[in-house]
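Welcome to this short briefing. Have the coordinates open beside you, and let us walk through the structure topic by topic.

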Amino acid sequence: MTKAIGYAAQHSYSRLKPISFERDDPKANEVEIEVLFCGVCHSDIHQVKNEWSNTVYPCMPGHEIVGRVTRAGTGVSRHAVGDLVGVGCMIDSCRECEPCHAHEENYCEGPNSWLATYNGPMVPAKMSPDGSNMYGRDNTYGGYSSSVVVPEDFVLKIPASLKPEVAAPILCAGVTTYSPMTHWGVKAGDKVGIVGFGGLGDMAAKIAKAMGAEVTLFTTTAEKLDEAQRLGVTVVLQSDKKTMTSLANSFDFMLSTIPEKHDVNPFVQMLKRDCTLAVVGAIEPLASENNQERVMHRKSVAGSLIGSIAETQAVLDLCAEHGIGPDIQVIPIQEINKAYKHVEKGEVRFRYVIDMASLKQDEEAA
Ligand code: ZN
Ligand code: ZN
């Protein structure tokens, strides 16, 4: 065991505060990582506030982790001490089901699905031979902390040309938008529509552009128009009904990144025949039940959940190759509660990334 420190919420209504805890020593197949940066994801806030009714407290979020390998188990071959590495939303899966064999761990059908980087498992995903929970406690603790210990095959390599703080949000926001675009075969010349211009929408637009697509961004916020235009994509204000109507049946693929209940029908209307709108931001019921547009032109509304480990590596490499990444604002962890408020109000289009060096202050105080 090693001493660790991190920021956790004790209840759904409480602020994140520093707590001390212990991390297990790395097992044969695991690496220990000193966390350098951790991105702030909208789902961290949902989880902290128990908005999905499955939060175990204390809840220590963080699944956009970039850090340096500090120790490696005896069986580790993919990473070495000193390597710059990343950890996204998953740190393990059942490794036995059909999706796991197909390298789609993010759709693991094992008894407890994949093991979330934080707040997982509700029940142990795997028992060690002595019958104890392999992960040492009731729920996993994420990257708002000084260190993490993760099986090596769930650890990504951070390309040298990516700044570590920029790489962090690619591990969730990046792969969440990249995975559906590769799954539904977005290719050069395709017309791709991105709905919503927050952290996910920003990444989605950049990745679609890097794939050679012709990108249109849809936003409800007039103040974001200039920023979106700077990305070199077409921007449409959703209140501009005339333009919205003129885009009927014109997109090869659309991606909705809105993180809450919303009406997808205006966007379904914009799909070409046989094409798909993938919803990645919302897991709640969608506002529109209208099936007419779908049946008229054999269109689909689909969902997609983060991405596989292979896709996560691929999107890191794609971002490095094209010199793209999320717009970020680096904050000390002491500002995390304030940052949450800004994200909740939908005020930020960039991604907050926590500089974990700031944890030292709390370590000294502890
Ligand atoms: Zn996330
Ligand atoms: Zn599985």
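Is Tyr141 buried or exposed? Tyr141 is buried, with a relative accessible area of 9%. Please keep in mind that this is a predicted model. The points below start from the ring that Tyr141 pairs with, then turn to the metal sites, a helix, some loop residues and the backbone.

**Aromatic pairs**

- Searching the whole structure turns up five aromatic pairs.
- One of them joins Phe21 and Tyr141 in an edge-to-face arrangement, 5.0 Å from centre to centre and with 80° between the planes.
- This pair connects distant parts of the chain, since Phe21 sits in strand β2 (residues 17–23) and Tyr141 in the loop between β7 (115–116) and β8 (147–151), 120 residues apart.
- Like its partner, Phe21 is buried; the relative accessible area of Phe21 is 10%.
- Phe350 and Tyr352 also form an edge-to-face pair, because their planes stand at 90° and their ring centres are 5.2 Å apart.
- Within that pair, Phe350 is partly exposed at a relative accessible area of 23%, whereas Tyr352 is buried at 6%.
- Phe218, Phe251 and Phe267 are linked into a cluster by ring pairs.
- Phe251 has a further neighbour in Lys191, which lies over the face of the ring, 5.0 Å from its centre.

**Zinc ion (ligand 1)**

- Which residues are the protein donors of the zinc ion (ligand 1)? They are Cys41 (SG), His63 (NE2) and Cys172 (SG), lying 2.0 to 2.2 Å from the ion.
- The spacing of these donor residues in sequence is C-x21-H-x108-C.
- His63 belongs to the loop between α1 and β4 (65–72) and Cys172 to helix α3 (residues 164–183), so the two tie together parts that are 109 residues apart in sequence.
- His63 and Cys172 are both buried.

**Zinc ion (ligand 2)**

- Four cysteines coordinate the zinc ion (ligand 2) through their SG atoms: Cys94, Cys97, Cys100 and Cys108, at 2.3 to 2.4 Å.
- Why does the arrangement around the zinc ion (ligand 2) count as tetrahedral? The four donor atoms subtend angles of 103 to 119°, and the arrangement is tetrahedral because all angles lie between 85 and 135 degrees.
- Along the sequence, these donor residues follow the spacing C-x2-C-x2-C-x7-C.
- Among them, Cys100 and Cys108 are both buried.

**Helix α10**

- Ile336, Asn337, Ala339, Tyr340 and Val343 are buried in helix α10 (residues 336–344).
- These residues span an arc of only 155° around the axis, so they lie on the same side of α10.
- An α-helix has 3.6 residues a turn, so residues three or four places apart point the same way.
- What do the buried residues of α10 pack against? Their partners are β1 (2–8), α1 (42–48), β16 (328–332) and β17 (351–355).
- Just after α10 comes Gly346, with a positive phi of about 70°.

**Two buried loop residues**

- Ser308 is found in the loop between β15 (300–303) and α9 (309–322), and Ser308 is buried with a relative accessible area of 3%.
- Leaving aside residues up to four places away in sequence, Ser308 touches Met90, His103, Glu104, Glu105, Asn106 and Val175.
- Val280 is placed in the loop between β14 (271–279) and α8 (292–297), and Val280 is buried at a relative accessible area of 13%.
- With residues up to four places away in sequence left out, the contacts of Val280 include Thr176, Pro180, Leu200 and Ser304.
- Val280 and Ser304 are 24 residues apart in sequence, and their C-alpha atoms are 5.5 Å apart in space.

**Backbone features to look at**

- Most residues other than glycine have a negative phi, and most peptide bonds are trans.
- Tyr57 and Pro58 are joined by a cis peptide bond, with omega of about 0°; Pro58 is in the loop between α1 and β4.
- Ser53 is placed in the loop between α1 and β4 and has a positive phi of about 55° although it is not a glycine.
- Ser53 is exposed, at 65% relative accessibility.
- Ile306, also not a glycine, has a positive phi of about 35° and lies in the loop between β15 and α9.
- Ile306 is buried, at 10% relative accessibility.

Key: Residues are numbered from 1 along each chain as its sequence is written. Chains are lettered from A and ligands numbered from 1 in the order in which they are written. This is a predicted model: local features need pLDDT of at least 70, side-chain atom pairs count only at pLDDT 80 or more; totals for chains, interfaces and linings use all residues. Side-chain values use heavy atoms; hydrogens and water are left out. Rings of Phe, Tyr and Trp (its six-membered ring) pair if their centres lie within 6.5 Å; planes under 30 degrees apart count as stacked, over 60 as edge-to-face and the rest as tilted. Helices (H or I, at least four residues) and strands (E, at least two) are DSSP runs, numbered from the N terminus. Buried means under 20% relative accessible area, exposed over 50%, partly exposed in between (1.4 Å probe, protein chains only). A charge sits over a ring if NZ of Lys or CZ of Arg is within 6 Å of the ring centre and within 35 degrees of the ring normal. Donors are N, O and S atoms within 2.8 Å of the metal (3.2 Å for Na, K and Ca); water is not among the atoms, so sites may look incomplete. Four donors count as tetrahedral if all angles lie between 85 and 135 degrees; four count as square planar and six as octahedral if opposite donors are over 155 degrees apart and all others between 65 and 115; anything else is irregular. The arc is that of the directions from the helix axis to the C-beta atoms. Contact means heavy atoms within 4.5 Å.
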